[in-house]
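Reader: Hey, got a minute to walk me through this one? I'd like to hear about pockets and then the fold around them.
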Amino acid sequence: MAHKLLLLTQDNDKYRQLLSHCQLPELTILGDDPSSICEADIWFAEPQLAAPLLNLGSELKWMQSTFAGVDKLTGSRQRRDYALTNIKGIFGPLMSEYLFGYLLAHQREHAKYKQQQQQQQWAPGNFRTLQGQHLLLLGTGSIAQHIAQTAKHFGMTVTGLSKSAVSKPYFDHIDTIEQLATYLPKAQAIASILPSTLDTENLLNADMLDLLPPESVLFNLGRGNVLDLDALAKQLKQQPKQHAVLDVFNQEPLSSEHPIWQCPNAIITPHIAAPSFPEQVVEVFADNYRLWRQQYPLKHQVDFIKGY
């Protein structure tokens, strides 16, 4: 059976070239004409571009998201009469590089020594080692497991919190996310890799942030809705020894008026912790397309109810 593919990305030409090289059988890659929306039974799409067009896709049977996060497509008012798959398994190494790059720079006081270099000062400090420190990961999926594995190389103790508390590799301990308040005061580093769901909304609110140790480092790498950004800005001003590294936000780009920009103990990056490379995304799609043609279960299929 022949299939028609619609591309809805910010780099359709790049993806069209890569997909053509895959020579996937019985697959026609449609052009960018609006009529293609109604013709295609398979969509290869960025969630924010696909969401407003969903109801026009009369032939849509399967959509491959080019991102891991698909919350734009899983709202209660969105249609759910098609298979939705996302990208998994490629972000762990990138996210781990990001987290430990910033964590090690903080622990080793890179910014201070750079400033001293500019002033021709020689003043050794007292850096802290990661060995024996406690890393708390909110989320225990594939990305969190890779971060946990890296943390073990540095001699850290790793706790993971999830909805199910199912045991996963590389964690010293796993508990339910409902026990967050128990673990926050014990962690030197905290990282959220949680998806955007109703259960995770505002999880790191003012009350939870108030439990953070005085010299802790908080990372938000999953979804912006997990964190009360207004509360964090106030917290960081009151606790100058606490630090936050933030890559995701409810509003992107982040408003230039938000007070978090002015916090010297915050680092803000523009959602670049783990970008998906087109070659990797196409490989995931190609594998799934072969399964689709044989009517086998697709990899990384999203549960619309759970939202991931």
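Author: Sure. Keep in mind that this is a predicted model. Let's start with the second largest pocket, which has a volume of about 410 Å³.

Reader: Ok, which residues lie nearest the centre of that second largest pocket?
Author: Those are Ala105, His106, Gln107, Glu109 and His243, out of 20 residues in the lining.

Reader: And which helices and strands supply at least two residues of the lining?
Author: Two helices, α4 (92–107) and α5 (110–118), plus two strands, β11 (243–246) and β12 (266–268). The largest share is from α4, with four residues.

Reader: How does the lining divide into nonpolar, polar and charged?
Author: Nine of its residues are nonpolar, six are polar and five are charged.

Reader: Switching topic: what's the strand order in the open sheet?
Author: The order is β2-β1-β3-β4-β5, five strands with parallel pairing. β2 (27–29) and β5 (83–85) are at the edges with a single partner strand each, so one side of each has no neighbour in the sheet. From one strand to the next, the twist averages 20°.

Reader: How many bridges join β4 to β5?
Author: Three, and the two strands run parallel. One of the residues involved is Trp62 in β4 (residues 62–65), whose bridge partner in β5 is Ala83.

Reader: What packs on the sheet, then?
Author: Helix α1 (residues 12–22) does, touching β1 (3–8), β2 and β3 (42–45), and its direction makes about 145° with that of β1. Helix α10 (residues 278–293) packs on the sheet too, touching β1, β2, β3, β4 and β5. The direction of α10 makes about 160° with that of β4.

Reader: Back to α1: which of its residues are buried?
Author: Asn12, Tyr15, Arg16, Leu18 and Leu19. What covers them includes β1, β2, β3 and α10.

Reader: What comes after α1?
Author: Gln23 follows, and its phi is positive, near 50°.

Reader: And why is β1 described as largely enclosed by the rest of the structure?
Author: Because five of its six residues are buried, where the cut-off is under 20% relative accessible area.

Reader: How many bridges join β1 to β2?
Author: Three bridges there, with the strands running parallel. For Lys4, the bridge partner in β2 is Thr28.

Methods. Residues numbered from 1 in each chain as written. Predicted model: local features only at pLDDT ≥ 70, side-chain atom pairs only at ≥ 80, totals over all residues. Heavy atoms only, no water. 1 Å grid on protein atoms, 1.4 Å probe; cavity = no way out; pocket = protein on both sides within 12 Å on 5 of 7 lines; lining within 4 Å. Points joined across faces, edges and corners; volume = space filled by probe spheres on them. Nonpolar A, V, L, I, M, F, W, Y, C, P; charged D, E, K, R; others polar. Pairing = 2+ DSSP bridges. Axes fitted to C-alpha atoms, helices over the stretch in contact; angles between N-to-C directions. Contact = heavy atoms within 4.5 Å. Buried < 20%, exposed > 50% of the residue type's maximum accessible area, 1.4 Å probe, protein only.
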